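Take a look at the chain below before reading on. The text then walks through its parts in turn.

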Amino acid sequence: MEPVETFTFRRPDGHVYLTATRDRVNNWIHAEWSGVQTLATIQTGGMAYIDMLNAEPCAKLLNDHRELVGRFVDANEWVAQVWTPRIMQAGLRYFAQVLAPGVFGQLSMKDLHQRISDQFEIKMFDRLEDAEDWLRSLP
């Protein structure tokens, strides 16, 4: 089994909006979101996480929004009501969120954090390195 397995998701125009990497060395999934997101891209990416965990359990998600543009609050209801119960059933326990540089992405994530933070351990970070350190400190 390879130490790293990567899945790439593209919009119809060819733009890569999500790269999801299973990092078996660190035992987490690193999801790198890029550009503007829609409800459809978030749903596709979110379901891919669930498929990845169902195929091979993993308790840690490194959700990276450093390249995200704009807001995604329209998807937060779906994430809270549909995705969160399914991803928890698939085994996710720890969620490290690297915030987007833009205020709209940060506000969207803070709204989502209020909706799901009682479901599993979620922490928000400004720096990728800090998020990685936190995940490494967990069982």
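What follows moves from the whole chain to its strands, its first helix and its cores.

This is a predicted model. The chain holds 4 helices and 6 strands. Read from the N terminus, the elements come in the order β-β-β-α-β-α-β-α-β-α. The radius of gyration is 14 Å, close to the 14 Å that the globule rule gives for 139 residues, so the chain is as compact as a globular protein of that length. Along the principal axes, the C-alpha atoms fill a box of roughly 35 × 35 × 30 Å. Of the 139 residues, 47% count as buried. Contacts also reach across the sequence. Among those with a separation of 6 or more, 69% join residues 24 or more positions apart.

Start with the strands. β1 and β2 run antiparallel, and 7 bridges join them. One pair to look for is Glu5, which stands opposite Arg22 in β2. The two strands form a hairpin with 5 residues between them. In its turn, Gly14 has a positive phi of about 95°.

β2 then pairs with β3, again in the antiparallel sense, over 6 bridges. Here Leu18 stands opposite Trp33 in β3, and Ala20 stands opposite Ala31 in β3. This hairpin has 4 residues between the strands. Asn27 takes a positive phi near 60° there. How many residues of β2 are buried? The count is 7 of the 8, so β2 is largely enclosed by the rest of the structure.

On to β4. β3 and β4 run parallel, joined by 7 bridges. Ala31 has Asn63 in β4 as its bridge partner. Ala31 was met above as the residue opposite Ala20. Together, β3, α1 and β4 make a right-handed β-α-β unit.

Now follow the helix of that unit. α1 covers residues 39-55, 17 residues in total. From its first C-alpha to its last, α1 reaches 24 Å, close to the 24 Å expected at 1.5 Å a residue. Which residues of α1 are buried? They are Thr41, Ile42, Gly45, Gly46, Ala48, Tyr49, Ile50, Met52 and Leu53. A general point helps in reading such a list. An α-helix has 3.6 residues a turn, so residues three or four places apart point the same way. What do the buried residues of α1 pack against? Their partners are β1 (4-10), β2 (16-23), β3 (28-36), β4 (60-69) and α2 (76-89).

Last come the cores. The largest nonpolar core has 32 residues. Those with the most contacts inside it are Trp33, Tyr49, Leu61, Trp83, Ile87, Leu92 and Phe120. The elements β2, β3, α1, β4, α2 and α3 (103-116) each give two or more residues to this core. Two of the names are familiar. Trp33 is the residue opposite Leu18, and Tyr49 is one of the buried residues of α1.

Phe120 deserves a separate look. Leaving out residues up to four places away in sequence, Phe120 touches Trp83, Thr84, Ile87, Met88, Leu92, Arg93 and Phe95. Apart from the largest core lies another, of 11 residues. Its members include Val98, Phe125, Trp134 and Leu138.

Conventions
Residues numbered from 1 in each chain as written. Predicted model: local features only at pLDDT ≥ 70, side-chain atom pairs only at ≥ 80, totals over all residues. Heavy atoms only, no water. Expected span 1.5 Å × (residues − 1). Buried < 20%, exposed > 50% of the residue type's maximum accessible area, 1.4 Å probe, protein only. Contact = heavy atoms within 4.5 Å. Core = buried A, V, L, I, M, F, W, Y, C linked by side-chain atoms within 4.5 Å. Pairing = 2+ DSSP bridges. Right-handed = clockwise from strand over helix to strand, strands pointing away. Rg over C-alpha atoms; globule rule 2.2 N^0.38 Å.
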